[in-house]
Amino acid sequence: MTQQALRLGTRRSKLAMAQSGQVADAVRRVTGRPVELVEITTYGDVSREALAQIGGTGVFVTALRDALVRGEVDFAVHSLKDLPTTQPEELALAAVPEREDPRDVIVARDALKLTDLPRGARIGTGSPRRMAQLNAYARSHGLDFETIAIRGNVDTRIRYVRDGELDAVVLAAAGMNRIGRSEEVTDFLSVDTVLPAPGQGALAIECTADNADLVAALGELDDPFTRVAVTAERSLLAALEAGCSAPVGALADLLADGQIVKEMRLRGVVGTTDGSRMVQLSTTGPVPETHDQALALGRELATEMLAQGAAGLMGERAQ
């Protein structure tokens, strides 16, 4: 008898379909069961409004979670950076697979790098976090460019450059890698220049908490180091009381001595979108061994950032 297919809920964008397809292959390997993709249209995919106006990237998550709760799909794949920091009790974050490259990249005309862009260059991004850090970088390095708010999928954004409307656009390295377009990247932005969004480059695999067998099976795909890193980053975001569209960057990385991982460093940044005021701090400690230790690392750094005035740089605090 053939086993019933597991239904994987995914957004319809090219990137979402690519990353869901990769997860589907992995789930087939660990469960031996067929997996079918179920495409779900979210409000964030059809609305042309600015993301911050319609609730940030969380709007992409809600429709998938609703389908899970209604039993229309068995599990769902999200870009982890889109997930609100509070996990609903009825859903389990069953796996956080090994993270892709967390960096931001630019795709610029004439294969230019960030530092080669001409004076007055127009750089497109929909992210207040990217705007804040790029503008701060420009101020501190004597560069002169303008950040322009844009929306749209990867194709739409790159077309702005190809059509000459913009000189460059900022995208996530992970997304470009997953859809097989990394050769179009003209510059990788160092995390010292632009810290990524909390959880950037990582995927979240979610199912209902009461499906213990599926939680266990999907758990085979979990990468413990990625999970503690993104848990610390998201804990920082939550403790700043900032939503996923706030201008907050965070990255936890592992510091190794040869092959032996010694410590985890967590860096955080928050700033005004014009780049005029920034709070950027880091902390280093033992690699968290539990979920609670990872949460504590994020909260500690957030407390230090708030003490330095981070709250006043975020505009509206997320409710």
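How many bridges join strand β6 to strand β7, and do the two run parallel or antiparallel? Keep that in mind as you open the structure, which is a predicted model.

**Stop 1: β6 and β7**

Select residues 121-125 for β6 and residues 145-149 for β7. Five bridges hold this pair together, and the strands run parallel. To check the register, pick A121 and look across to β7, where its bridge partner is F145. Then pick T125, which is bridged to A149 in β7.

Now add residues 128-141, which are helix α4. With β6 and β7, this helix completes a β-α-β unit of the right-handed kind. Show the neighbouring strands as well and you will find α4 lying across β5, β6, β7 and β8. Its direction makes an angle of about 175° with β7.

**Stop 2: the sheet around them**

Widen the selection to the sheet that holds this pair. Its five strands are ordered β7-β6-β8-β5-β9, with mixed pairing, and the sheet is open. At the edges you will see β7 and β9 (187-188), each of which pairs on one side only.

**Stop 3: helix α5**

Next, select residues 154-162, helix α5, and colour V154, R157, I158 and V161, which are buried. Why do these residues sit on the same side of α5? They span an arc of only 90° around the axis, so they share one side of the helix. The spacing fits a general rule: an α-helix has 3.6 residues a turn, so residues three or four places apart point the same way.

To see what covers the buried residues of α5, bring up β5 (104-108), α4, β8 (168-172) and α6 (173-178), which are among the covering elements. The helix lies across β5 and β8, and runs at about 155° to β8.

Both ends of α5 deserve a click. At the N-terminal end, N153 acts as a cap, with a side-chain oxygen 3.2 Å from the backbone nitrogen of D155. After the helix comes G164, which has a positive phi near 85°.

**Stop 4: the other sheet**

Hide those elements and show β2, β1, β3, β10 and β4, the order in which five strands make an open sheet with mixed pairing. The edge positions belong to β2 (35-39) and β4 (91-95); each has a single partner strand, so one side of each is left without a neighbour in the sheet. On average, neighbouring strands here are turned by 35° against each other, direction ignored.

Focus on β10, residues 203-208, and its partner β3, residues 75-79: they are antiparallel and share five bridges. On the other pairing to inspect, four bridges link β10 to β4, again in the antiparallel sense. Switch on a surface and look for β10: six of its six residues are buried, so the strand is largely enclosed by the rest of the structure.

**Stop 5: E206**

Stay in β10 and select E206. Is this residue buried or exposed? With a relative accessible area of 0%, E206 is buried. In the strand pairings, A76 stands opposite E206, and so does L93.

What does the side chain of E206 make a polar contact with? Draw a distance to the side chain of H78, and you should read 2.8 Å. Expanding the selection around E206 brings in its contacts beyond four places in sequence, including R65, L68, F75, Q87, L91, A92 and A94.

**Stop 6: A24**

For the last stop, go to helix α1, residues 14-31, and pick A24. Its relative accessibility is 1%, so A24 counts as buried. Leaving aside residues up to four places away in sequence, A24 touches L8, V35 and L37.

Finish by drawing a distance between the C-alpha atoms of A24 and V35: these residues are 11 apart along the chain, and the separation is 6.0 Å. V35 also takes you back to the sheet of Stop 4, since β2 covers 35-39.

How values were computed. Residues numbered from 1 in each chain as written. Predicted model: local features only at pLDDT ≥ 70, side-chain atom pairs only at ≥ 80, totals over all residues. Heavy atoms only, no water. Pairing = 2+ DSSP bridges. Right-handed = clockwise from strand over helix to strand, strands pointing away. Axes fitted to C-alpha atoms, helices over the stretch in contact; angles between N-to-C directions. Buried < 20%, exposed > 50% of the residue type's maximum accessible area, 1.4 Å probe, protein only. Arc of directions from axis to C-beta. Contact = heavy atoms within 4.5 Å. Polar contact = N/O pair within 3.5 Å; in protein donor to acceptor, adjacent residues only side chain to side chain.
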